[in-house]
Every structure is written in C-alpha cells, then in structure tokens.
Amino acid sequence: MNRSRITAILTVAAMLAAMWVFEIFDSFMLRGGLDRELGLRSWDIDAPWTLLTAPLMHGNLAHLIGNSLPFLVLGSLVAFSGLSRFLLTTLIVAVVSGVGVWLFTAPPSITVGASGLVFGYFGYTVLRGIIERRTVDIVIMICVIIFYGTMIWGVLPQYPGVSWQAHLFGFMGGLLAAYLLPRREKKPRQINQWNNGAQGGYYAP
C-alpha cells in the first residue's frame, strides 16, 4: 500500500477521533453548545463555515456511535484512492450535502452529523466502480452494495428528527465527486520477451 493511501486512511481515523473528542466534550462539558455554534442552521447566511463543521458534530453519543462504523469503513474505502482524492471527495460531499440541507430544511433547524459524508462515500464507491472499471474498484463496489446497499432507503423521509436531506444530497455529492474527479491512468504493464537469445521488453497500456 502506498504512502498516500496510508495517509488517507489515517486521516479518516483522525476525523473519527476528532468527532469523538468533540462529542464527549460537548455532551459532558458544554451541554450541546458546540452543536449550536458549529451545526448547520438552515437559511442562516451568517455562518457559511458550518457546511464543513456540522459533519463533525453529533446530537448525542448514540448518534455518533451509529455513524462511526460506516464512516470508518466507507471513508477508508474512498481513502484507498489516495489522500488528494479522499480530501476532494469529502469537500464536494460536505458542500453539496450542506447546501441541500441549508436549502430544504425548514428554518431555524440545526443539522449535525456525519451521515451526509457516509452517504456520499457510499455513492462515490458505487459509481467509481462503474466509471473506473478496475478490478479493485469493482470489488469495492460489489462489497459496498452487499453490506451497505440498504442505506439507499435513507434518502427518503422516514423518521422525525433524521435529516433525509443530508442523506440524499450527500449521496448526490458522492456521485458528483465520482463523476468529476479524473479517472486514474492505468500503469503500463511490462511484458518481457526473448528475441534471438536477448531479453527485451515493451510496455502495453
């Protein structure tokens, strides 16, 4: 595994660790003060940075526990593409999900949680397998569909207090990232051959 992939996976772990630190501090010390300050408040134009901070906040420990494993698994699968691609995907998903929540959630609601990122990573891994058509991406796509395919129903309104808007627009952000980010070039494959007793070689695309 190359250094970029390792760094990207460590970044996923660091993000999850930060979520836990924020939530423990917020739950036991600030009583939800971080959520109110860093959560995304619909139709409020005074704090645009909350598009990026809201996914790191959670309503309570149960909310964070529910998001932790899928964030770690799906985030790591996206990170397998490398650090720059992971960061760009995360940025695109966070912005698209956040704008969707901001526009389509009734004010003055505050939305927090990493589920928008989770759905974005889900959408990215599925569409990337179709676009790249590499063995590893196709295997990742199949595994994600098998283990997390039922997540897709989360883009529909189902439960009070659960932001289907974050799920829907996060998923769309993941699809957009998979489509916009350039395809990775295939590494040339070296084929050795013997010609008149001398070893030669050429590269095949």
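Here are a few short exercises on this structure, which is a predicted model.

**Exercise 1. Find which residues make the nonpolar surface patch, and which helix gives the largest share of the patch.**

Start with the members. Leu 52, Leu 91, Val 95, Val 99, Leu 103 and Phe 104 together make a nonpolar surface patch of about 500 Å².

Next, look at where they sit. Helix H5, residues 83–104, supplies the largest share of the patch, with five residues.

Now check one member against the cut-off. A patch residue needs over 30% relative accessible area. Leu 103 lies in helix H5, and its relative accessible area is 41%, so Leu 103 is partly exposed.

**Exercise 2. Place Ile 6: which helix holds this residue, and how far is its C-alpha atom from that of Phe 80?**

Take the helix to begin with: Ile 6 belongs to helix H1, which covers residues 3–30.

Then go for the distance. Ile 6 and Phe 80 are 74 residues apart along the chain, yet their C-alpha atoms are separated by 8.0 Å.

What about cover? Ile 6 has a relative accessible area of 39%, so it's partly exposed.

**Exercise 3. Work out how many salt bridges the structure holds, and which residues are linked in a network of salt bridges.**

A bit of background helps: side chains of opposite charge can pair when their charged atoms come close.

Count them up and you get three salt bridges in the structure. Go through them one at a time:

- Arg 41 pairs with Asp 44, with 3.8 Å between the closest N and O atoms.
- Arg 128 pairs with Glu 132, and here the closest N and O atoms are 2.8 Å apart.
- Glu 132 also pairs with Arg 134, at 3.6 Å between the closest N and O atoms.

Glu 132 turns up in the bridge with Arg 128 and in the one with Arg 134. That gives the network: Arg 128, Glu 132 and Arg 134 are linked by salt bridges.

**Exercise 4. Sort the salt-bridge residues: is Glu 132 buried or exposed, and why are Arg 128 and Glu 132 about one helical turn apart?**

Use the cut-off of under 20% relative accessible area for buried. Glu 132 has 1% relative accessibility, so it counts as buried. Arg 128 is buried as well.

Arg 134, at 21%, counts as partly exposed. For the remaining bridge, Arg 41 is partly exposed at 29%, and Asp 44 is partly exposed at 24%.

For the spacing, check the helix. Arg 128 and Glu 132 are separated by about one helical turn because they're four residues apart in helix H6, residues 115–132.

Technical notes
Residues numbered from 1 in each chain as written. Predicted model: local features only at pLDDT ≥ 70, side-chain atom pairs only at ≥ 80, totals over all residues. Heavy atoms only, no water. Patch = residues over 30% accessible without salt bridge, like charges linked within 9 Å, V, L, I, M, F, W, Y side chains within 5 Å. Areas by Shrake-Rupley, 256 points an atom, 1.4 Å probe, with all protein chains shown as cover. Salt bridge = Lys/Arg side-chain N within 4 Å of Asp/Glu carboxyl O. Helix = DSSP H or I, 4+ residues; strand = E, 2+ residues; numbered from the N terminus. Buried < 20%, exposed > 50% of the residue type's maximum accessible area, 1.4 Å probe, protein only.
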